Amino acid sequence: MLKRLQKLTQQGGLRQLDYQFAKFVALHSPQSQQDLAALMAALVSYELGKGHVCVRLDQLQIQHLFGLSTRLSVVLIDGLPDPSQWAALLNQFDVVANVQSKGLQACPLVLDHGRLYLNRYWQFEQTVAERIILMATNQGQVTDNQHWQGQQLTVMHQALNDLFQPTYGHLYHALQGVTDSQQRQQLTCDFLDIVKPQQLDWATIDSVLQQANQITDLQPLDSLVPAGACLNWQKVAAAMALTRQFAVISGGPGTGKTTTVAKLLAALVMQTNGEHKPNIMLVAPTGKAAARLTESIGSAIKSLAVPQAIKDLIPTQSSTLHRLLGSIPHRVEFRHHKDNPLHLDVLVVDEASMVDLPMMARLLEAMPQGAKLILLGDRDQLASVEAGAVLGDICSFSSQGYSAQQGQLLSQLTGFDLHSNNIGLSVVTDCLCMLQKSYRFHALSGIGQLAKAINQGKPALVNKVWQQGFKDIHHYPLNSETYASMVNQIVTFYLDYLDAIKTDKTPAEVLKAFSNVRLLCALREGDFGVVGLNQRIEKELTHRGRISPNDETWYVGRPIMITRNDHALGLFNGDIGMTMLEPEIDPETGRRRLRVYFEMPDGTIRGILPSRIPEHEVVYAMTIHKSQGSEFADTVMVLPADYTPILTRELIYTGITRAKSRLYLYAPLDIITKSVQVRTERASGLAQLLV
């Protein structure tokens with residue numbers, strides 16, 4: 001078996017890591033067990049590289065192991081026992097710990113309820129599940145439902161009402177020129193989150209709408225539209241997070257996750273009644289996502305209708321997870337862990353879908369007892385680059401609804417009707433809230449409608465969106481002519497940031513101009529991949545005289561993306577930098593030196609000499625995976641001409657929702673059709689552990 005696996009490795013079907021692990025397991029197995037043990041060790045390692053935490057033995061695709069053809073897969077397992085016996089045999093292997101029959105042992109592999117893991121990843125999954133359950137049940141915490149009564153309940157009910165007061169400005173402007181009463185009613189329901197229109201006096205409401213000559217004339221709606229007829233999921237999310245030690249708020253772009261968390265943090269500060277200044281920290285997985293969080297949370301806090309003293313207690317600076325936990329150069333461990341926990345009361349993690357299983361385990365272990373953890377993210381986005389789909393696994397329980405006790409409490413806090421009779425729920429269901437209304441992508445937004453159609457996995461709906469003539473989405477077939485047009489289009493877009501450099505704009509202004517546009521690819525290699533398109537764009541910009549590489553690696557206007565963490569410099573995988581001349585002349589050389597400027601998570605700009613920059617690549621084009629946590633006003637996206645398994649519903653959705661204002665998609669329609677029907681599924685046991 002080892003010889004077969006070695007040959008497969010030499011042919012590129014396996015990583016050297018997979019083969020070496022299989023070899024290690026085989027050498028520590030009796031001869032009678034070596035072949036099957038080596039095969040399964042290689043398979044677990046291989047699947048881990050694909051993002052799967054474990055191998056489900058009852059779902060093994062025996063005819064396509066390691067992605068091989070049926071013929072090659074049959075040849076590979078020739079001479080092994082019948083696959084139906086593998087689970088029982090593995091249960092007896094010396095290198096496999098079976099949690100149910102043998103208990104946990106110091107073995108490289110762990111078998112747990114038919115799922116085969118690397119020991120380390122089984123431990124990660126157990127840690128995540130145990131910590132989440134502990135926090136979700138609020139054991140010993142002051143946020144227990146029994147403490148929500150009397151004066152505190154009244155105070156927080158009023159605080160939420162004040163923070164989530166209905167605003168009539170958007171409704172007033174939308175009503176201008178509308179003459180149809182049914183249309184006025186629909187607009188009112190949409191803007192005021194009305195879910196029980198049958199309970200309202202529409203004759204009186206419509207009279208108010210028709211007579212309004214200014215926004216304040218709509219104020220009578222305060223009494224005409226009671227909270228019981230409405231359902232604002234942002235307010236529900238804030239109330240839910242107030243009552244739980246562990247909370248997850250998921251929603252697509254524009255659903256107001258940042259606005260919600262800003263109001264939630266204000267409510268948390270109010271909850272302390274000035275007795276204790278809560279230590280609140282904000283983090284994101286990448287530097288770019290942290291910088292975006294810093295910008296958006298700062299803007300959201302400024303707009304809060306609360307006293308300045310409350311605003312001053314809410315942080316506006318965010319950091320990365322690595323910085324928070326305290327990265328140690330050349331080590332996977334962090335300075336903060338279960339024996340040296342973080343010093344905080346509340347932690348908000350944005351873009352949580354990007355957090356892989358090992359990182360989530362380390363974060364949860366480092367949380368101090370009693371601290372509140374709030375995860376924000378979009379469950380429909382791509383899962384983390386590394387193994388696991390933690391946010392997706394947690395959010396898989398969202399359809400269960402709230403327990404009767406939690407429903408009653410949330411109804412009292414929000415004024416909405418959230419009562420339920422649900423029983424037998426997962427412990428995490430009371431900790432979840434899915435934001436369902438997009439405030440950025442309205443009914444006239446093609447981006448929003450396209451994202452919604454893709455999420456439903458229905459090609460007919462996707463095609464219908466393209467045919468409706470939305471002005472913010474553009475689709476082009478893929479051929480040699482449109483390919484050249486795409487390159488010219490993105491080059492033209494990039495002239496803005498190059499003009500900013502030419503006119504001596506600041507690094508911050510140049511980085512902002514560059515961040516307005518990006519070309520996103522599904523692949524890395526080939527004509528439709530990052531590498532090839534970066535070269536073509538660089539060549540075209542050189543041809544136009546806008547950049548001057550002159551056979552040099554570094555040149556003015558060269559955009560780069562860090563690909564390896566450098567803790568000493570504070571640069572991390574995914575950080576974007578721009579090469580520019582220093583503003584001052586170097587006294588030693590008599591000329592301006594090149595520096596690469598980065599926007600740090602706190603919003604400051606830092607310039608670093610090119611010679612000190614860690615591993616990186618040019619980033620005129622980037623993969624959709626790497627674009628997570630970013631948004632661009634103009635997003636140009638290209639899919640390959642032929643289908644590849646990397647093309648999934650989540651990948652297409654993630655790429656499309658990077659566009660804030662306009663999307664330009666270059667792809668064959670049949671490729672889009674096939675891709676939106678393929679869902680990303682990662683093998684994991686986390687959801688089963690949370691039941």
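Student: What makes helix 22 (residues 480–502) and helix 24 (residues 530–543) a crossing pair, and at what angle?

Tutor: This is a predicted model, so take the geometry as computed. The two axes come within 10 Å and cross at roughly 60°. The crossing of helix 22 and helix 24 is right-handed.

Student: How do you know that helix 22 and helix 24 meet, and through which residues?

Tutor: Contact needs heavy atoms within 4.5 Å. By that test, Tyr-483, Met-486, Val-487, Asn-488, Ile-490, Val-491, Tyr-494, Leu-495 and Leu-498 in helix 22 meet Leu-533, Arg-536, Ile-537, Glu-540 and Leu-541 in helix 24. Sorted by class, the contact has 11 nonpolar, one polar and two charged residues.

Student: How do helix 2 (residues 16–27) and helix 3 pack, and at what distance between axes?

Tutor: Helix 2 and helix 3 pack at an angle of about 145°, with axes 8 Å apart. Their crossing is right-handed. From helix 2 come Leu-17, Asp-18, Phe-21, Ala-22, Val-25 and Ala-26, and they meet Gln-34, Ala-37, Ala-38, Ala-41, Ala-42, Ser-45 and Tyr-46 of helix 3. That contact divides into 10 nonpolar, two polar and one charged residues.

Student: Is helix 3 largely enclosed or largely open, and what makes you say that?

Tutor: Residues under 20% relative accessible area count as buried. In helix 3, 12 of the 16 residues are buried, so the helix is largely enclosed by the rest of the structure. Among them are Leu-36, Met-40, Leu-43, Val-44 and Leu-48. Ala-37, Ala-38, Ala-41, Ala-42, Ser-45 and Tyr-46 are buried and take part in the contact with helix 2.

Student: How does the reach of helix 3 (residues 34–49) compare with the expected value?

Tutor: Helix 3 has 16 residues and reaches 22 Å from its first C-alpha to its last, close to the 22 Å expected at 1.5 Å a residue. Just after helix 3, Gly-51 takes a positive phi of about 100°.

Student: And what span should helix 14 have, at 1.5 Å a residue?

Tutor: The 16 residues of helix 14 should span 22 Å, and the end C-alpha atoms are 23 Å apart, which agrees. As for what surrounds helix 14, its buried residues pack against helix 13 (257–271), strand 6 (280–284), helix 15 (308–311), strand 7 (318–320) and strand 15 (594–599). Those buried residues include Leu-293, Thr-294, Ile-297 and Ile-301.

Student: Why is the pair Lys-196 and Asp-417 called a salt bridge?

Tutor: The cut-off is a Lys or Arg side-chain nitrogen within 4 Å of an Asp or Glu carboxyl oxygen. Lys-196 and Asp-417 come to 2.9 Å, N to O, and thus qualify. Lys-196 lies in the loop between helix 9 (181–192) and helix 10 (202–211), and Asp-417 in the loop between helix 19 (404–414) and strand 10 (432–434), so the pair ties together parts 221 residues apart in sequence. A search of the whole structure finds 16 salt bridges.

Student: What makes the Glu-631 and Arg-292 pair a link between distant parts of the chain?

Tutor: Their side chains meet in a salt bridge at 3.3 Å, N to O. Glu-631 sits in the loop between strand 18 (621–623) and strand 19 (632–638), while Arg-292 is in helix 14 (residues 287–302), 339 residues apart. Glu-631, at 15% relative accessible area, is buried, whereas Arg-292, at 24%, is partly exposed. Salt bridges with shared partners join Arg-292, Glu-351 and Glu-631 into one network.

Student: Why is Asp-642 called buried or exposed?

Tutor: The cut-off for exposed is over 50%. Asp-642 has a relative accessible area of 59%, so it is exposed. It is located in the loop between strand 19 and helix 25 (649–656). Leaving aside neighbours within four places in sequence, Asp-642 is in contact with Leu-647 and Ile-671. The C-alpha atoms of Asp-642 and Ile-671 are 7.0 Å apart, with their positions 29 residues apart along the chain.

Student: And how about Leu-571, buried or exposed?

Tutor: Its relative accessible area is 0%, so Leu-571 is buried. Leu-571 is in the loop between strand 13 (559–562) and strand 14 (576–581). Beyond neighbours within four places in sequence, Leu-571 has contacts including Arg-323, Ile-562, Phe-598, Ile-608 and Pro-614.

Technical notes:
Residues are numbered from 1 along each chain as its sequence is written. This is a predicted model: local features need pLDDT of at least 70, side-chain atom pairs count only at pLDDT 80 or more; totals for chains, interfaces and linings use all residues. Side-chain values use heavy atoms; hydrogens and water are left out. Helices (H or I, at least four residues) and strands (E, at least two) are DSSP runs, numbered from the N terminus. The expected span of a helix is 1.5 Å times one less than its number of residues. Buried means under 20% relative accessible area, exposed over 50%, partly exposed in between (1.4 Å probe, protein chains only). Axes are lines fitted to C-alpha atoms, for helices over the stretch in contact, and angles run from 0 to 180 degrees between N-to-C directions. A crossing is left-handed if the near helix is turned anticlockwise from the far one by less than a right angle, and right-handed if clockwise. Ala, Val, Leu, Ile, Met, Phe, Trp, Tyr, Cys and Pro count as nonpolar, Asp, Glu, Lys and Arg as charged, and the others, Gly among them, as polar.
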